[in-house]
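Me: Could you take a close look at one part of this model for me, and then follow the chain outward from there? I'd enjoy one connected account rather than a list.

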Amino acid sequence: MSVVEQYREIRAKMDKAARSAKRKPEDVHLVAVTKTFDVDHIRPVIEAGHRLFGENRVQEAQQKWPALRSEFNDIELHLIGPLQSNKAEDAVALFDVIETVDREKIARALKAAMEKADRTLRCYIQVNTGLEPQKAGIAPNDTLAFVDFCRNELGLVIEGLMCIPPADENPGPHFALLAKLAKEAGLTKLSMGMSGDYETAIEFGATSVRVGSAIFGSR
Ligand SMILES: *Cc1c(COP(=O)(O)O)cnc(C)c1O
């Protein structure tokens with residue numbers, strides 16, 4: 001199958017998963033994850049009408065997206081990978097949404113970069129639902145206080161929560177935990193689910209899924 005055919009198949013499966021969860025397909029967005037794929041690989045999906053993309057490294061995104069953005073002016077680009085504070089200004093200049101705010105230092109750096117650039121990006125808080133030491137994200141128990149800090153002390157626009165469940169576990173309980181934390185924090189957006197588990201994530205309330213390899217092929 002071509003990349004565009006794979007893209008259409010994922011979109012169809014997402015719609016089906018939404019309907020079987022008694023949700024509206026238009027309430028579940030697809031962040032097409034393009035990390036490691038070059039512009040020629042991505043372009044057919046844009047030409048097929050898709051506009052929402054995710055990258056996990058600032059530097060890699062800087063090499064691909066400015067040219068595509070000037071060609072297609074309504075693209076929305078999400079940063080879904082870890083951010084270092086010395087890259088905050090670059091990230092603010094390039095992305096529309098930062099999905100990986102997970103500690104005070106980066107929240108403060110983003111706030112400063114947004115003020116300097118006079119640009120407001122929407123943000124998600126990344127939660128380490130599995131408390132994995134090697135993984136980014138705030139601990140579940142600290143999430144509510146951190147959301148409150150980001151919103152009320154820094155004035156960041158926090159839209160929702162994001163998680164990456166442990167690779168070797170059933171993702172359902174992790175998605176349920178993220179949904180519960182979002183509800184407690186008064187947040188309505190949930191970024192969860194990847195190529196292997198996006199249908200499960202939709203069942204648990206994902207408002208966006210981040211799918212790479214199922215569309216673009218293995219990396
Ligand atoms: C790479 C990546 C994805 C997409 O993963 P696939 O398994 O290729 O769908 C989703 N979220 C994050 C944070 C990623 O880094």
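Reply:
**From a loop to a helix and beyond**

Happily! Let's start at Asp96, which sits in the loop that links α4 (88-94) to β4. Helices (H or I, at least four residues) and strands (E, at least two) are DSSP runs, numbered from the N terminus. The model is a predicted one, so local features need pLDDT of at least 70 and side-chain atom pairs count only at pLDDT 80 or more, while totals for chains, interfaces and linings use all residues. Residues are numbered from 1 along each chain as its sequence is written, and side-chain values use heavy atoms, with hydrogens and water left out.

The side chain of Asp96 makes a polar contact of 2.6 Å with that of Arg69. Such a contact is a pair of N or O atoms within 3.5 Å; within protein, one must be able to donate a hydrogen and the other to accept it, and residues adjacent in sequence count only if both atoms are side-chain atoms. Setting aside neighbours within four places in sequence, Asp96 also touches Ile75, Glu76, Leu77, Arg119, Leu121 and Arg122, where contact means heavy atoms within 4.5 Å.

The loop of Asp96 leads to β4, and β4 (97-101) is part of what covers the buried residues of α6. The cover also includes α5 (104-117), β5 (122-127), β6 (157-163) and α7 (172-185). Within α6 (residues 143-153), the buried positions are Thr143, Phe146, Val147, Phe149 and Cys150. These five lie on the same side of α6, because they span an arc of only 160° around its axis; the arc is that of the directions from the helix axis to the C-beta atoms. On the face turned away from that side, Ala145, Asn152 and Glu153 are exposed. Here buried means under 20% relative accessible area, exposed over 50%, and partly exposed in between (1.4 Å probe, protein chains only). After α6 comes Gly155, with a positive phi near 75°.

Cys150 deserves a second glance: its relative accessible area is 0%. Cys123 is likewise buried, at 0% relative accessibility. The sulfur of Cys123 has that of Cys150 as its closest cysteine sulfur, but at 7.7 Å the two are too far apart for a bond. A disulfide is a pair of cysteine sulfur atoms within 2.5 Å, and the structure holds zero of them.

From α7, part of the cover of α6, we can carry on along the chain. Phe175 in α7 and Phe204, in the loop between α8 (198-203) and β8 (208-211), are 29 residues apart in sequence. The structure holds four aromatic pairs. One of them joins Phe175 and Phe204 in a tilted arrangement, 6.5 Å centre to centre with 55° between the planes, so the pair ties these two parts together. Rings of Phe, Tyr and Trp (its six-membered ring) pair if their centres lie within 6.5 Å; planes under 30 degrees apart count as stacked, over 60 as edge-to-face and the rest as tilted. Phe175 is buried at 0% relative accessibility, whereas Phe204 is partly exposed at 30%.

Phe175 also brings us to Ala201, a residue of α8 that is buried at 0% relative accessibility. Beyond its neighbours within four places, Ala201 is in contact with Phe175, Met192, Gly193, Ala206 and Val209.
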